[in-house]
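Open the structure in your viewer and keep the selection tool handy. We will go from stop to stop, picking out a few residues each time.

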Amino acid sequence: MSNQQLEQFRALKNQITRFFMMYKFALDEMETKIEILKEEFQLLHDYNPIEHTKSRVKSLESILNKIARKGCGTSLQEIRENIKDIAGLRITCSFISDIYSICDMLQKQSDLTVVSIKDYIQNPKPNGYQSLHMQVKVPVFMSDRTELVDVEIQIRTIAMDFWASLEHKIFYKYDKAVPPDLLRELKEAADTATELDRKMQRLHEEINQIKSMDQSDEPSLLFGKQKLELPPALLEMMQKEQ
């Protein structure tokens with residue numbers, strides 16, 4: 001290999017490395033945002049709407065397969081423009097209402113640009129798939145420039161996530177040629193998961209109503225699981241300042 005070919009190879013390697021680094025850094029930024037929201041919500045409301053998160057950057061093989069299916073160009077710029085789910089973040093919640101709360105909180109992040117929102121909960125896919133998809137652009141501050149990087153966010157309940165994971169495994173087991181009877185059963189399972197989510201949402205709302213009625217009117221601060229009553233002198237000072 002000549003020196004010129006070696007330099008070209010190194011330059012290509014650096015471009016590809018930088019390409020994937022941008023998506024990783026964008027996910028790191030999103031994970032940090034989610035952790036802040038989780039802690040803030042826990043401290044202020046004594047409740048955490050986010051059960052867990054999972055992120056991934058598509059492998060080069062997956063990207064190449066998608067390029068082949070879409071028939072788009074193979075330059076890094078063309079890949080960025082045509083494939084929007086290279087960086088993916090999945091947020092799992094307990095209740096349907098949590099999904100929309102998280103979506104609302106993310107929309108209020110001033111440095112995030114929301115490109116699109118697809119609500120597959122109100123409008124499920126024919127196979128029964130439900131989830132809320134957000135396409136956002138995340139600013140990544142590199143050494144020499146700022147890049148706006150596409151990240152796909154999927155927000156779903158535990159039941160939705162369980163169904164989607166099993167459906168994905170079954171499709172790969174049958175190489176995407178799933179027998180009709182299994183497709184029918186998968187749809188029935190999706191309907192069952194939907195009904196479970198609705199029942200749990202109703203229970204959640206009823207419990208919240210009971211909790212709000214039972215709460216003491218005594219002002220207090222909550223730090224983690226520790227409840228601290230506010231001193232009378234501090235309360236009097238706060239009232240004077242109002």
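## Stop one: the largest pocket

Start with helix H5, which gives the most to the lining of the largest pocket, with six residues. Before you go on, keep in mind that this is a predicted model. To find H5, select residues 158-173.

Next, select Arg56, Lys58, Asp85, Gln154 and His168, the residues that lie nearest the centre of the largest pocket. The whole lining takes in 35 residues, and the pocket's volume is about 1,500 Å³. Several elements share the work: S1, helix H2 (60-70), S2, S3, S4, S5 and H5 each supply at least two lining residues. Try colouring the lining by class, and you will find 15 charged, twelve polar and eight nonpolar residues.

## Stop two: the sheet

Now show the strands. In what order do the five strands of the open sheet lie? Going across, the order is S1-S2-S5-S4-S3, and the pairing is mixed. Select S1 (50-57) and S3 (113-119): these strands stand at the edges with a single partner strand each, so one side of each has no neighbour in the sheet. From one strand to the next, the twist averages 25°.

Move on to S4 (residues 132-141) and S5 (residues 146-157). These two strands run antiparallel and are joined by ten bridges. For a close-up of this pair, select lysine 137, which stands opposite aspartate 150 in S5.

Bring H5 back into view. This helix lies across S1, S2 (87-93) and S5. Compare the directions of H5 and S5: the helix runs at about 100° to the strand.

## Stop three: the cavity

Our last stop is a space inside the model. Rolling a probe the size of a water molecule over the atoms shows where empty space is left. How many cavities of 30 Å³ or more are there? The count comes to one, and the volume of this largest cavity is about 50 Å³.

To see what surrounds the cavity, select Gly128, Gln130, Met160, Trp163, Ala190, Ala193 and Thr194. H5 and helix H6 (180-214) are the elements that give two or more residues to this lining. H6 provides the largest share, with three residues. Colour the cavity lining by class too: four residues are nonpolar, three are polar and none is charged.

Note on methods. Residues are numbered from 1 along each chain as its sequence is written. This is a predicted model: local features need pLDDT of at least 70, side-chain atom pairs count only at pLDDT 80 or more; totals for chains, interfaces and linings use all residues. Side-chain values use heavy atoms; hydrogens and water are left out. Two strands pair if DSSP finds at least two bridges between them. Helices (H or I, at least four residues) and strands (E, at least two) are DSSP runs, numbered from the N terminus. Axes are lines fitted to C-alpha atoms, for helices over the stretch in contact, and angles run from 0 to 180 degrees between N-to-C directions. Contact means heavy atoms within 4.5 Å. On a 1 Å grid over the protein atoms alone, a cavity is a set of points where a 1.4 Å probe fits but cannot get out, and a pocket is an open set with protein on both sides within 12 Å along at least five of seven lines; lining residues have an atom within 4 Å of a point. Grid points are joined across faces, edges and corners, and a volume is the space filled by probe spheres set on the points. Ala, Val, Leu, Ile, Met, Phe, Trp, Tyr, Cys and Pro count as nonpolar, Asp, Glu, Lys and Arg as charged, and the others, Gly among them, as polar.
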